[in-house]
Amino acid sequence: MRIKSYEDMNLQELDVMKEISSIGTSHAATSLSKLLQKEVRITIPEVSVLGYEEAVERIGEIEELVAATLVQMSRDVNGLILFIFKMDMANVVLEKLIGNRYASFEEMDELSYSALEEVGNIIICSYVNAFAQLVGVDIDLSVPSSTVNMLGGILTVPIAEYGYETDKLMYINAEFVMDGVRLSDGLLMLPDIESLNSILEKLGVLS
Amino acid sequence: MKFARGEGEIITYALGSCIGITLYDPFLKLGGLLHVMLPMRTDPNDQKVYKYADTGLREMIRKLSAFGMVKSRTIVKIAGGAKMFEIRGNSDFGNIGQRNAAMVKKVLMEERLRISAEDTGGSSARTMSINVATGDVIIRSAGKPEKHL
């Protein structure tokens with residue numbers, strides 16, 4: 001049966017997404033670890049299909065300022081992939097790369113800002129590459145685009161983009177553990193429904 | 001869509017590409033706030049009328065009119081419609097905010113409602129609230145002072 005919306009996925013299909021996500025996330029963690037020259041461990045990802053309010057609640061506060069990097073996927077899989085930095089995670093990265101800590105995103109200078117964008121992009125690319133290899137698809141990625149904005153506003157971007165198809169988001173949440181601190185990785189991979197079907201079909205789980 | 005009469009505050013958080021629209025009848029102290037996400041309803045069976053600018057606004061006007069709102073004295077303010085991400089080589093991406101704003105203005109014009117103030121476009125998410133006792137509309141946006149529309 002073809003899937004018409006994210007929430008149509010059954011347990012087995014969600015399990016498969018979790019499995020691929022886990023591989024994607026560990027590749028992302030490896031890249032991050034190389035970049036920061038720091039041990040990065042990950043927890044097993046959870047894949048959840050959430051409505052907008054639930055997604056906001058799960059990630060943080062609706063008006064909380066976060067930095068987000070967005071990349072558009074095309075070719076075999078169409079969709080969006082979003083990486084969200086909360087302040088704590090941003091500080092771990094920036095302290096190591098630039099030697100700076102900030103109390104808020106508003107204080108950040110151009111250099112730190114582009115460093116975050118780059119790290120977001122690296123995490124996304126290694127995630128998608130591992131994912132594409134495993135599923136056996138070709139995925140082209142757009143140039144990354146970043147913003148510092150209210151979390152609630154950022155999450156409306158995919159919601160509006162797919163607004164005519166679904167009201168849900170697929171949130172893949174793993175935690176990066178660095179220096180004994182658990183930091184949520186805030187990765188949202190959002191293939192459109194058509195692509196989600198072809199991914200599940202390729203993996204032979206579409207019942 | 002929420003509305004109130006006499007007193008109270010209605011608020012909608014973090015409008016990105018979405019648009020917030022307030023209608024306020026100062027004589028009745030009747031105010032409503034609508035938050036739309038997309039310009040047009042394409043599936044006539046879709047029950048979520050408030051999600052779309054065209055059906056949402058019409059339903060809001062119908063409801064508030066039933067409570068006595070008179071169009072000629074109604075104050076209309078809109079905010080939102082930001083473009084938060086810019087993807088190089090794909091200028092179409094994320095212009096949903098612009099399309100939302102255009103649709104909201106079109107429907108308001110058809111309904112013969114004049115916009116008295118707006119804060120749309122740009123790249124920042126906004127929180128919009130209306131105080132129903134005074135009709136005061138406040139916009140909050142990251143890194144900027146509060147703005148009274």
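These questions and replies go through a predicted model of chains A and B, asking what each label rests on.

Me: What makes Lys51(B) and Asp167(A) a salt bridge?
Reply: The distance. Their side chains meet at 2.7 Å, N to O. The cut-off is 4 Å, between a Lys or Arg side-chain nitrogen and an Asp or Glu carboxyl oxygen. The pair therefore qualifies. The count between chain A and chain B is three salt bridges.

Me: Which elements of chain A supply the side that touches chain B?
Reply: Strands E3 (65–75), E4 (79–85) and E6 (145–150) and helix H5 (151–161) each supply at least two residues. H5(A) gives the largest share, eight residues. By class, that side of chain A has 14 nonpolar, eleven polar and four charged residues.

Me: How many residues are in contact between chain A and chain B, and what area is buried?
Reply: 29 residues of chain A are in contact with 30 of chain B. The area buried is about 2,300 Å². Carbon and sulfur atoms give 63% of that area. The interface also has nine residue pairs in polar contact, both residues at pLDDT 80 or more.

Me: Why is Cys18(B) called buried?
Reply: Its relative accessibility is 0%. Buried means under 20%, so the label holds.

Me: Why is Cys125(A) called partly exposed?
Reply: Cys125(A) has a relative accessible area of 25%. Partly exposed lies between the buried limit of 20% and the exposed limit of 50%, so 25% fits.

Me: How many disulfides does the rule count over all chains?
Reply: Zero. A pair of cysteine sulfur atoms would have to lie within 2.5 Å to count.

Me: Why is Arg182(A) called exposed, and Glu175(A) partly exposed?
Reply: Arg182(A) has a relative accessible area of 53%. Exposed means over 50%, so Arg182(A) passes. Glu175(A) has 24%, which lies between 20% and 50%, so Glu175(A) is partly exposed. The side chains of these two residues meet in a salt bridge at 2.5 Å, N to O.

Me: Why does the pair Glu110(B) and Arg58(B) tie together separate parts of the sequence?
Reply: Their side chains meet in a salt bridge at 2.6 Å, N to O. Glu110(B) lies in helix H2 (residues 96–110) and Arg58(B) in helix H1 (residues 53–66), so the pair ties parts 52 residues apart in sequence. Glu110(B) is partly exposed at 44% relative accessible area. Arg58(B) is partly exposed too, at 36%.

Me: What joins Arg58(B) and Glu110(B) to other residues in one network?
Reply: Salt bridges that share partners. They join Arg58(B), Lys71(B), Lys106(B), Glu110(B) and Glu111(B).

Me: Where do Glu59(B) and Arg62(B) lie?
Reply: Both lie in helix H1 of chain B, three residues apart, about one turn of the helix. Their closest N and O atoms are 2.9 Å apart, and the pair forms a salt bridge. Over all chains, the search finds 23 salt bridges.

Me: What makes the pairs of Glu118(B) with Lys105(B) and Thr120(B) polar contacts?
Reply: The side chains of Glu118(B) and Lys105(B) are in polar contact at 3.2 Å. For Glu118(B) and Thr120(B) the value is 2.7 Å. The limit is 3.5 Å, so both distances pass. Glu118(B) sits in strand E6 (residues 115–120) of chain B.

Me: Is Glu118(B) buried or partly exposed?
Reply: Partly exposed. Its relative accessible area is 37%, between 20% and 50%, so the label fits.

Definitions and conventions. Residues are numbered from 1 along each chain as its sequence is written. Chains are lettered from A and ligands numbered from 1 in the order in which they are written. This is a predicted model: local features need pLDDT of at least 70, side-chain atom pairs count only at pLDDT 80 or more; totals for chains, interfaces and linings use all residues. Side-chain values use heavy atoms; hydrogens and water are left out. Contact means heavy atoms within 4.5 Å. Buried area is the accessible area (1.4 Å probe) that two parts lose on being put together, summed over both. A polar contact is a pair of N or O atoms within 3.5 Å; within protein, one must be able to donate a hydrogen and the other to accept it, and residues adjacent in sequence count only if both atoms are side-chain atoms. Helices (H or I, at least four residues) and strands (E, at least two) are DSSP runs, numbered from the N terminus. Ala, Val, Leu, Ile, Met, Phe, Trp, Tyr, Cys and Pro count as nonpolar, Asp, Glu, Lys and Arg as charged, and the others, Gly among them, as polar. Buried means under 20% relative accessible area, exposed over 50%, partly exposed in between (1.4 Å probe, protein chains only).
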